[in-house]
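User: Please give me a close look at how the interior of this model is packed. Keep the sentences short and say what each term means.

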Amino acid sequence: MDNTRAFPPGIHVPSLTFFEPEGRQDIDWATQDKHVTYIVQSGVQGIVVGGTCGEAATLTVDEKHQLITQAKRLAADHGKTNFSVTAGCSGSCTREVIDQTHAALKSGADFALVLPPGSFAFAIDQQAIISFFNEVADNSPLPIIIYNFPSIVNGLNLSSETLETLGAHSNICAVKLTCGGIAKAATVAAKSSPSSFGAVAGQGDWLLPALSVGGIGCIGGVANIFPKALMEVRRLFTEGDMSSALELQRKLSIAERGFADGGLHGTKWIVAKERQYPETSAHCRRPIPRFTDEKKREYITKLVSEMMVVERQLEQRTLAA
């Protein structure tokens with residue numbers, strides 16, 4: 001299909017999914033509502049639901065539908081008519097992924113974020129990756145964002161040449177680089193217009209480097225708690241204040257280390273703690289263990305503490321404007 005819709009430049013939050021602590025661990029919709037409202041009101045350009053941070057592998061089809069419709073509803077309720085909703089649509093089978101894109105459209109999603117199929121990584125080379133994404137893009141009613149995250153797909157890593165080839169497809173609009181591939185971001189910018197195929201940083205700790213070589217923004221887990229700081233880095237860069245942007249980026253990089261070292265369950269714990277959500281909602285779905293180590297909790301809290309002060313200052317500046 002030929003959608004030729006550009007992915008909105010800026011900051012997009014890969015939303016966490018909050019669950020009840022016991023039993024079948026159904027989604028904690030009260031906390032989820034609070035968190036998505038916080039994201040919508042923060043001023044970011046969009047949200048990703050059912051991605052890695054959202055524990056996509058644990059979600060049912062119906063839960064993904066509800067998460068998408070919730071995000072669209074809350075954006076509309078707060079007058080955010082240009083707020084984009086991206087749905088995670090990944091799987092091991094091409095037709096399954098295509099089916100997910102159609103379901104995501106019916107639920108109201110604007111874009112589909114797709115990993116390469118890593119279950120059979122031993123049989124997948126770069127040409128197979130190209131064939132997979134071309135077939136998905138040909139049949140998806142939503143523009144496709146390639147998701148390059150080798151560590152969760154058994155090491156599959158799209159090369160710069162593969163990205164250049166796929167970037168020419170009219171229904172592939174962006175790539176999320178959760179591989180730290182600054183050279184890949186530069187190559188995408190050199191070979192494609194951001195309006196047709198853009199590169200976004202997959203972590204907040206290299207947003208500024210990505211922007212400096214032509215990247216268009218970030219989809220990073222730290223945006224669940226530092227959305228305004230990420231937006232501020234981008235604003236400072238756009239306005240040419242590189243010194244201030246660099247200073248803030250360095251602080252963000254320290255906080256990002258806490259997220260990386262804590263893992264997904266540590267990330268959920270610190271977000272719940274700082275956003276004052278019920279601690280019981282911070283547990284990942286089993287079998288991921290609970291984040292209960294007090295030394296690790298203290299470690300992450302210390303790493304994010306400076307950025308929490310900055311984020312609250314930015315929140316107050318917004319309120320005063």
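Analyst:
**Sulfurs, rings and the buried core**

The sulfur of Cys 179 is too far from any other cysteine sulfur for a bond: the closest, in Cys 218, is 13 Å away. A disulfide here means two cysteine sulfur atoms within 2.5 Å. Cys 179 is partly exposed, at 27% relative accessible area. On that scale, buried is under 20%, exposed is over 50%, and partly exposed lies in between (1.4 Å probe, protein chains only).

This is a predicted model, in which local features need pLDDT of at least 70, side-chain atom pairs count only at pLDDT 80 or more, and totals for chains, interfaces and linings use all residues. Residues are numbered from 1 along each chain as its sequence is written, and side-chain values use heavy atoms, with hydrogens and water left out.

Across the whole structure, the search finds zero disulfides. Cys 93 is in none either; its nearest cysteine sulfur, in Cys 89, is 14 Å away. Cys 93 is partly exposed, at 34%.

Now the rings. Two rings of Phe, Tyr or Trp (its six-membered ring) pair if their centres lie within 6.5 Å; planes under 30 degrees apart are stacked, over 60 edge-to-face, and the rest tilted. The count is seven aromatic pairs. One of them joins Phe 7 and Phe 111 edge-to-face, 5.1 Å centre to centre with 85° between the planes. Phe 7 sits in the segment before β1 (10-14) and Phe 111 in strand β4 (residues 111-114), so this pair ties together parts 104 residues apart in sequence. Helices (H or I, at least four residues) and strands (E, at least two) are DSSP runs, numbered from the N terminus. Both rings belong to buried residues: Phe 7 is at 1% and Phe 111 at 0%. Phe 120 and Phe 122 also pair edge-to-face, 6.3 Å centre to centre and 80° between the planes. Here Phe 120 is partly exposed at 47%, whereas Phe 122 is exposed at 73%.

One ring carries a charge. The charged end of Arg 275 sits over the ring of Tyr 38, 3.6 Å from the ring centre. The rule asks for NZ of Lys or CZ of Arg within 6 Å of the ring centre and within 35 degrees of the ring normal.

Back to Phe 7. One residue that touches Phe 7 is Ile 216. Contact means heavy atoms within 4.5 Å. Ile 216 lies in the loop between α7 (207-212) and β8 (217-219). Ile 216 is buried, at 7%. Beyond four places in sequence, the contacts of Ile 216 also include Pro 9, Leu 211, Arg 234, Gly 198, Ala 199 and Val 200.

The last three of those lead to strand β7 (residues 198-201). Gly 198 and Val 200 point one way from β7, Ala 199 and Ala 201 the other, and all are buried. In a regular strand the side chains alternate between the two faces of the sheet. Strand β6 (residues 172-177) runs parallel to β7, joined by four bridges. Two strands pair if DSSP finds at least two bridges between them. Val 175 stands opposite Ala 199.

Strand β2 (residues 46-49) is likewise covered on both faces. Gly 46 and Val 48 are buried on one side, Ile 47 and Val 49 on the other. β1 and β2 run parallel with three bridges, and Val 13 has Ile 47 as its bridge partner. Ser 15 follows in the loop between β1 and α1 (29-42). Ser 15 is buried, at 2%. Its contacts beyond four places in sequence include Ile 47, Val 48, His 35, Cys 53 and Asn 224.

Two helices complete the tour. Helix α3 (residues 94-107) has 14 residues and reaches 20 Å between its end C-alphas, close to the 20 Å expected. The expected span is 1.5 Å times one less than the number of residues. Its buried residues are Val 97, Ile 98, Gln 100, Thr 101, Ala 104 and Ser 107. Their cover includes α2 (61-77), β3 (84-88), β4, α4 (126-139) and β5 (144-148). Just after α3, Gly 108 takes a positive phi of about 115°.

Helix α8 (residues 227-238) has 12 residues and reaches 17 Å, close to the 16 Å expected. Among its buried residues are Leu 230, Met 231, Val 233 and Leu 236, and also Lys 228 and Glu 232. β1, α1, α7, α9 (242-275) and α10 (294-320) are among the elements that cover the buried residues of α8. Just after α8, Gly 240 has a positive phi of about 85°.
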